[in-house]
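This report introduces the structure shown below to a reader who has not met it before. It treats contacts between chains and then the pairing of strands.

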6 protein chains.
Amino acid sequence: MKISARNTLKGTVKEIKEGVVNNEITIQLAGGQEIISIITQTSSNALGLKLGKAVTAVIKASNVMVAVED
Amino acid sequence: MKISARNTLKGTVKEIKEGVVNNEITIQLAGGQEIISIITQTSSNALGLKLGKAVTAVIKASNVMVAVED
Amino acid sequence: MKISARNTLKGTVKEIKEGVVNNEITIQLAGGQEIISIITQTSSNALGLKLGKAVTAVIKASNVMVAVED
Amino acid sequence: MKISARNTLKGTVKEIKEGVVNNEITIQLAGGQEIISIITQTSSNALGLKLGKAVTAVIKASNVMVAVED
Amino acid sequence: MKISARNTLKGTVKEIKEGVVNNEITIQLAGGQEIISIITQTSSNALGLKLGKAVTAVIKASNVMVAVED
Amino acid sequence: MKISARNTLKGTVKEIKEGVVNNEITIQLAGGQEIISIITQTSSNALGLKLGKAVTAVIKASNVMVAVED
């Protein structure tokens, strides 16, 4: 599957914080940076997410903001 | 200002594609990766975006999806 | 690739309205219903979207609202 | 009320998974397909959501992605 | 229609900037504050938006961030 | 930091409903209106949110819908 979302960042699962409906996934990128994602627990389980698993963070361009120093 | 959005990625503006209402901003990250952002042209101008300017991509965690290989 | 987004709806491209930065894609679902998507023109081209092409609309669950009659 | 969101899909509530802050609503569409929505528990209660209730899934076009087979 | 989105702000249309696919709508709130919305031109026309028209800005709670002073 | 998000509404924290992963923040605006935000508990803590604290609701324009009376 090829998706229209323009941003993909490869990493590995560093932490999973389980909620009741949603899980918070911390993804460790290659460069040391972390990305946090909130997905449903059902998705987290369906994807078989666990510590160390290789994953890709996917982000639609319209959801990316830009900030500059004042 | 400190914002609740969990994800911030530092880079520089690599390309600005101007539309009528929205601009598409390509941000070059330190590690060589690129991030694409769609913001209004008014914001793009208000932030003084131009090629080479240091910027930060800001993304709310609930807008980050996770993908795995089949 | 398997993605965390919970909602996928299969259809075919019925119409592409081209903007400068974004394209508006009308997807005809099997049941006769239509889904409208706004993606960048770059994505639209990269996916090779054209009339009649089989596509899947993908929507993160946190972006779905619920309405009821008054 | 008439809203700018371009996508509306009619169905009935098939399942409600209650969290602390958010609920996950499974909507059964007429054609047999399901749509998953995450809304606050407060909204879920305010709308009187319960199994079998007629509801409409509402999605802004800018939140719909498009995928194609590789 | 009653919708799950938790935030509604009443105002009037102050400005419409027309793009090719999207329009930028400036809404003047009662208290003098302005809200900017990006919707498709098709929606803008379908709702009959024009200067001075009474409208409501509608925002899903998961799309609201919180910022504090440093 | 100056951010591309076009909408900022100043207020004070009126209520914090704590979940496991996400918190629901009720912000009282100057004019008496309330804004509801869903952010991660980690963000809520990192920002030091508590009742009465001055905060700003921040919303990207592409996440604002427009509604009109029928």
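## Contact between chain A and chain B

Between chain A and chain B, 14 residue pairs are in polar contact, with both residues of each pair at pLDDT 80 or more. On the side of chain A that touches chain B, at least two residues come from each of β2 (7–18), β3 (22–29), β4 (34–40), β5 (54–59) and β6 (65–68) of chain A. Sorted by class, that side of chain A has 20 nonpolar, 7 polar and 4 charged residues. The model described here is a predicted one.

Chain A brings 31 residues to the contact, and chain B brings 31 residues. The size of an interface is often given as the accessible area lost when the parts come together. For chain A and chain B the buried area is about 2900 Å², and carbon and sulfur atoms give 60% of it. The interface of chain A and chain B also holds 2 salt bridges. One salt bridge joins the side chains of A:E24 and B:R6, with an N to O distance of 3.2 Å.

## Relation of the two copies

How large a turn lays chain A on chain B? A turn of 180°, with a shift of 0.0 Å along the axis, brings chain A onto chain B with an RMSD of 0.0 Å. The two copies are thus related as by a two-fold rotation axis.

The interface residues of the two copies can also be set side by side. Of the interface residues of chain A, 100% are also interface residues in chain B, so the copies meet through the same surface.

## Strands shared between chains

Chain A and chain B are also linked by strand pairing: β5(A) pairs with strand β6 (residues 65–68) of chain B in the antiparallel sense, over 3 bridges. Within β6(B), B:A67 stands opposite A:T56.

One open sheet has 6 strands in the order β4(B)-β3(B)-β2(B)-β5(B)-β6(A)-β1(F), and its pairing is antiparallel. Its edge strands are β4 (34–40) of chain B and β1 (2–3) of chain F, each of which pairs on one side only. The pairing of β6(A) with β1(F) is antiparallel and runs over 2 bridges; there, A:V68 stands opposite F:K2 in β1(F).

Another open sheet of 6 strands, with antiparallel pairing, follows the order β1(B)-β6(E)-β5(F)-β2(F)-β3(F)-β4(F). At the edges of this sheet stand β1 (2–3) of chain B and β4 (34–40) of chain F; each has a single partner strand, so one side of each is left without a neighbour in the sheet. Further in, strand β2 (residues 7–18) of chain F and strand β5 (residues 54–59) of chain F run antiparallel and are joined by 6 bridges. F:T8 lies opposite F:V58 in β5(F).

## Strand pairing within chain E

Which strands of chain E pair with β2(E)? Strand β5 (residues 54–59) of chain E pairs with strand β2 (residues 7–18) of chain E in the antiparallel sense, over 6 bridges. In that pairing, E:A57 in β5(E) is the bridge partner of E:L9.

Strand β3 (residues 22–29) of chain E also runs antiparallel to β2(E), and 7 bridges join the two. Here E:G11 has E:L29 in β3(E) as its bridge partner. Together β2(E) and β3(E) form a hairpin, with 3 residues between the strands.

Note on methods
Residues numbered from 1 in each chain as written. Chains lettered and ligands numbered in written order. Predicted model: local features only at pLDDT ≥ 70, side-chain atom pairs only at ≥ 80, totals over all residues. Heavy atoms only, no water. Least-squares fit on C-alpha atoms with pLDDT ≥ 70 in both. Contact = heavy atoms within 4.5 Å. Buried area = accessible area lost by both parts, 1.4 Å probe. Salt bridge = Lys/Arg side-chain N within 4 Å of Asp/Glu carboxyl O. Polar contact = N/O pair within 3.5 Å; in protein donor to acceptor, adjacent residues only side chain to side chain. Helix = DSSP H or I, 4+ residues; strand = E, 2+ residues; numbered from the N terminus. Nonpolar A, V, L, I, M, F, W, Y, C, P; charged D, E, K, R; others polar. Pairing = 2+ DSSP bridges.
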